[in-house]
Structures are given as structure tokens and as C-alpha cells.
Amino acid sequence: MHTCMRTVTVVGWLGLVALVGAGCSKSIQADAGSKSFEPAPSQAKPGGAGSGAGQEAPVSQFGSLPGDNNGKPAGKGSGEERVSEGVAVAKAEPSGSSRQQEMQQEQVATAAAGLDDVYFAYDSWKLSEDGQRALSKAAEWLKANGSQKLAVEGHCDERGTQAYNLVLGQKRAKAVRNYLVELGVAGNRITVVSYGKDRPFCRESNESCYQQNRRGHLVVSDK
Amino acid sequence: MRYLLITMLFLGAGFWAILESGAADVFLEATRPDFQKIPIAVLGFRDGQLPDNPGSRLTQVLKDDLRRSLIFSVTDQAKLGLTLDGAYGAQNVLFKQAADNGIAVLVWGQVAARQPDLVLDGLIYDGVKQEAIASKRYVGAPPVLRQMAHRLADELVYRYTGEPGIAKTKIAFVSEQGGSRELYVMDYDGYGPRQVTADGFLSLMPRWSPDRRHLVFTTYRSRTKQDIDAIELATGKRATLVSMPGLNITPAFSPDGTDLVFASSNEGNAEIYKMSLGTKTLTRLTVNNGGDLSPAWAPSGRELAFVSDRGGSPQIYLMSADGSNVRRLTFEGDHNAAPAWSPRGNWIAYVCRGQDRQYKLCLISPDGQKRIQITSGQGVDDSPSWSPDGRHLVFSSTAEGKSHIYMINSDGTDLERLTSGGVHHSAPAWSPA
């Protein structure tokens, strides 16, 4: 509750080492000897408004040195700087998206269809023979289930940058879609999406895990 | 984990000659081995009225800020007998002690309650002037007490460099929470993470608006829609800026805040577009068969660095902000990506893959003449982002297993982890000052 207006006297010639930082434009004050902070007016700061928007308190307003305790209370001085969080952040509100529910439905439908995912080599979006076999099976299923749609997710392992892997995942998903279209599935039944390395199936940093994450994931969706 | 400064130019006199040619650049001066940091002592903060005695915590916050500024060398004042508590004789004894130990600046203060606020008073004593050069009073609610110490640190940096300081800056990042990845904002030293989005699925790669009021990012709105949204931090208000078919990723505001650049695959492969935020006019900047992504503005706003695999492997390219004058910048290694142009313009940080096949951080000058690898060891480093003073980078790394956010000096020293716990933290973006 009480902040103090304090006076202080610095006595003595102080030979402090003169080390001035780069860009410091302050002149070195030559006078030595007794100085009293109490009557001294606020010294204009060379270089302007400081780092913040607040005003500078007069030096005398808080000339408090260790052990000096003979101050007088000071009111809400004009030299205060109000400090806030800096960047205010509103409470995060759920966006009301039904994405999680949608995904659960997709998982059920995908499991029922029994489709196999497609796996890729490192930094590649070329379909392997295994991959082509899996897609032939998927094409048959799509032809037999004409009302169903397919979403192809492109996934990547954790190596490389996030952004590059999003593009790589997109290429993988498109490679899968293009092959299914070659096999006679209508293109408008297949959507593609890339999750890059941001929705991994496996979380360890080893090759078997990486292999699991380099995939085109086939998801049956009714949308 | 060891991070080494590796530079092919380091040993030659040429490196220092280059540095000296940019003598006006404080960044370079502060990284020169002969740069004399300013010796400073933080005596402490008296906190007698307060029950939880925050004085020593504030002292540590201020010391850490000053150390990270790279302008000051923080003296262990306790070893010199320069402490706030205990009985003192005449104050000149204290100053004499400081002078004898070569300390150029002394800082001390007090923290007290003034309901419902806390008041932090800080006094700066300059050893050259031999007088108190500033008395700062910061007032705020108890939760912002750390911010008050940060402000005092920035005041010191300002007084001795004329620069705004970074202690009050923030870092936006992505963190995994219950299976979804959401945006967060934390203090520059990793304290006080605040959740920004709660979309329940996947939000990626935030970037700040120049006024620090908005983040722009990619959000996966549905199975087929990946939009670029802006969110106003103070209100949570959302605006969808880009909603085209395909990938819409790596958005970035221009330095003057009038344009947004991003990559989109709506016309086939990923290309870079520029959108005027005022008129929503869209301009396609790249035209080729490779993927083009991750545009990063030069601080002048006149050029962009970006990633393209048009040459077979991802490399960093430069172009003018209108898409003209494209030229390749990186030639070493077969994977260079995620460029970030330093606020001083003199470096572009990026993820490089060296001979050990690890994804690490490199710096290259925009003329391609200087190249430095600043991190090494295991793990995938990603998403470098510069501090506004150009002396530090934040980035994500899996060097310790899980992906965490780290801060490092731009010369590769003083690695510091900012996140703890959690499952996965990525895509840090440092706010403007």
C-alpha cells in the first residue's frame, strides 16, 4: 500500500569503469563529488521514449538505495507505467466442429470395408507393386459400392520440414487418387488431403515407425 | 546434445573482415568475440511486505533477460558482497565495491502491494555517469509481475543500445492436446502458455501480424477444406482469408501488413500466391512444375525467400515480391527448406540436411557468400523463426525425443529449451517487438 518517496545522497568520487555499450549515445558526465538525487529534476533521456509507452518517473521519486529507509509515502505518481500481459489472449473457444465425430464414423466404415493402405519409400510418392495391388482391391470395392466415397490421406515420416512434408503428403495422396482413376473409379468419388508429418500413426524415431507413417491412408466416407 | 558453430569461413581472416564491414550492425558487434558486454549487477528486489517473497524470483527473471540480451554480462553480485539485504554502511561503499569489480551498471528495486495491484520500482545506476539514470515504476495485476521485470530488462537494453529489447516479446507455437494440434502463445522465455484455438483437430504454422494483434495459420476445417485463417488474439475473432481447394499453407504477412503470401495447391502442385489484404486481389507469383512453398519476406518487403523442388530436391530460392528475378540461393546438400529472413536482413535461416543426413539449422547470407551450420547432433530441427533483435532463433527439435521448442543464439551458442512436458510442440513463431 505504501510506496515511498525517498531521498538519497551519494557521496564520493566513484571511479567506475567506463564501459559503454554499442549504440549508447549518452555523454559521460565529468563532474564528481556529492550528488543529491532529492532535488534533482528528472533527467531527460537522450534518445526518447524508452521501450514502453509509459512515462519516466523522476529519479527522485524512487531514489531508494539499500538500507535507506527514511522515505515518505508517495501517491500514485504520474511516472507510472501500467503493465499488462503484453499480448492479450482471449480464452480459446471450441469452434463447434464435428470433426471428431465425423472421424469416428469414418473409422467404422473404413474398418468394415477392409481396405489396405499404401506405403511409400522415403521422400517418394511413387506407388510400389504392393501399393498398386492394394489399390486394385480398393477399386473393386469402390465399383461394388457405388454410393460410397473415398478420402485419401497423405502422410509422411517426421524427417524433413513440416511444410515440405505437407506438399509431399499431397503428392502421395494424389498419386493414389490418380491410380484409382486409371483403374476406372470416378474422380469425383475420391478426395485427397495431406497431413504431412502432423498426424502420425507411429511416434518413435526409427525406420519401422517411419515406414508406417509414409502412407496413403484410405478412408471410407459417405460425404 | 552438442551444438557447434561450423563454418568454412570461420578460420580465415576473411570472416572477421566481413563482420567488420558491417560495423553499424549491432547484431554483428554483439557476436564478435571482442565485443565487450556491459558488466551489470542486479542487486535484487526488496519485497518485505509481500507474503510469497517474489523478490528473488524477479531478480532471476531480470538476470535471465539481461543474459539473453547478449548486451550485458551479469555479475554474480552475491560473490562480490553486493546484496540488498543486511545492513549497509554508506552507499558509496557499495558503489566503490562495484567499481572495484568493474561493474558498469547497477540495478535494484522493490516490489510492494498497492491493492489490487503490485508496484515494481526499479532503479538504474550508471557507473560511467556515476548517478542514477532512471527510476522506473511499473504497476500491474499480480499475474503480470514477471512482465514488469521483463519491461525493466527491455528498458536497460533500450538505454544501452537504442533497441527495444525482446523480453516482452511472445512466441506462438502449435501444441498437441488430446489428439488435436492447437495454437498457443507463450512468453519469449517459455512461461505462461495460453491456448489460442480449440478447433479439435489440426491447426498449423502460425505467423504474426506486424502489429502483434493477429495470428495467421492453416486450419483443417473439414475433410476437404484446409483454410488460412486469421485470429485476433485479444478477442478470439476469426476470419477466413484463403479458402481454395487443396493445400493452403505457410501464410506470412508482409512487413507492412498489407499483403499475405502463402502456398496453395489449388491449381495442381503447390505454388506461391500473394493476396492484397485490402482488395483481396490474388496474384500467382510462381509458375513451374515443381512444388513452391514457405515464402518468407525480406524485412524490406521487396523480396521473398521460398522453397522449391523445381531442381529435383527442395532448395531455397529468392525472388522479387512481384515474382520476378527468381534465383536459386542454396546449392549444398539435397534438402534445404523452411527459410526465415532475419529482421536485420543479413541472414536467412533455414533447415539444412548435411552429410550426416540430419535436419539441422543453417544460416546463409542473401548473396550466398556466407553459410554457417548452427546446430548439430541427433534429431530433426524445424521451423526456425528469428527474434526481433536478430540475435536469436526459436525452432522445434526432436533432439531429446519428443518435439520441443528451443531458443538458440544466432551463432549457435546458448541452446535453451522453452517447453516442458506435453506430447508435441512445433512451429514456433517469434512475435515482432
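This passage walks through a predicted model with chains A and B, from the overall make-up down to single residues.

Chain A is a good place to start. It holds 4 helices and 9 strands, and along the sequence these elements run in the pattern β-β-β-β-β-α-β-α-β-α-β-α-β. The chain has 223 residues, and 37% of them are buried. When contacts between residues at least 6 apart in sequence are taken together, 69% of those in chain A link residues at least 24 apart.

Chain B has 433 residues, of which 55% count as buried. Its secondary structure comes to 5 helices and 30 strands. Of the contacts in chain B with a separation of 6 or more, 42% are between residues 24 or more positions apart. The chain is split into two parts: domain 1 covers 37-161, and domain 2 covers 170-430. Taken over C-alpha atoms, the centres of these two domains of chain B sit 36 Å from each other.

Next comes the nonpolar interior. The largest nonpolar core contains 158 residues, and the ones with the most contacts inside it are B:I40, B:V107, B:L215 and B:I348. The element that gives the most to this core is helix α3 of chain A (residues 162-182), with 10 residues. As for B:L215, its contacts beyond four places in sequence take in B:A172, B:L183, B:V196, B:P206, B:R207, B:W208, B:A230, B:I231 and B:L233.

Helix α3(A) deserves a look of its own. Its 21 residues reach 30 Å from the first C-alpha to the last, close to the 30 Å expected at 1.5 Å a residue. Of those 21 residues, 18 are buried, so the helix is largely enclosed by the rest of the structure. After α3(A) comes A:G184, which has a positive phi near 105°.

Chain B has its own helix α3, at residues 55-69. With 15 residues at 1.5 Å a residue, α3(B) should span 21 Å, and its end C-alpha atoms are indeed 21 Å apart. The buried residues here are B:L58, B:T59, B:V61, B:L62, B:K63, B:D65, B:L66, B:R68 and B:S69. So what lies over them? The cover includes three strands of chain B, β2 (38-46), β3 (72-74) and β4 (105-114), along with helix α5 (145-161). Just after α3(B), the backbone at B:L70 takes a positive phi of about 65°.

Further along chain B there is an open sheet of 4 strands, in the order β14-β15-β16-β17, with antiparallel pairing. Strands β14 (248-253) and β17 (282-284) are the edges, each pairing on one side only. From one strand to the next, the twist averages 25°. At one end of the order, β16 (residues 271-276) and β17(B) pair in the antiparallel sense over 3 bridges. Within this part of the sheet, B:M275 has B:L282 of β17(B) as its bridge partner.

A few backbone details round out the picture. Most residues other than glycine have a negative phi, and most peptide bonds are trans. Against that background, the peptide bond joining B:Q115 and B:P116 is cis, with omega at about 0°. B:P116 is found in the loop between β4 and β5 (117-126) of chain B.

Two strand residues in chain B also catch the eye for their phi values. B:S294 has a positive phi near 55° despite not being a glycine, and it belongs to strand β18 (residues 292-297). B:S294 counts as buried because 34 C-beta neighbours fall inside 10 Å, where 20 or more are needed. B:A427 likewise has a positive phi near 55° in a residue other than glycine, and it sits in strand β30 (residues 425-430). With 29 other C-beta atoms within 10 Å, B:A427 is buried too.

Terms used
Residues numbered from 1 in each chain as written. Chains lettered and ligands numbered in written order. Predicted model: local features only at pLDDT ≥ 70, side-chain atom pairs only at ≥ 80, totals over all residues. Pairing = 2+ DSSP bridges. Axes fitted to C-alpha atoms, helices over the stretch in contact; angles between N-to-C directions. Core = buried A, V, L, I, M, F, W, Y, C linked by C-beta atoms within 7 Å. Buried ≥ 20, exposed ≤ 12 C-beta atoms within 10 Å, placed from the backbone. Contact = placed C-beta atoms within 7 Å. Domains from an automatic or database assignment. Expected span 1.5 Å × (residues − 1).
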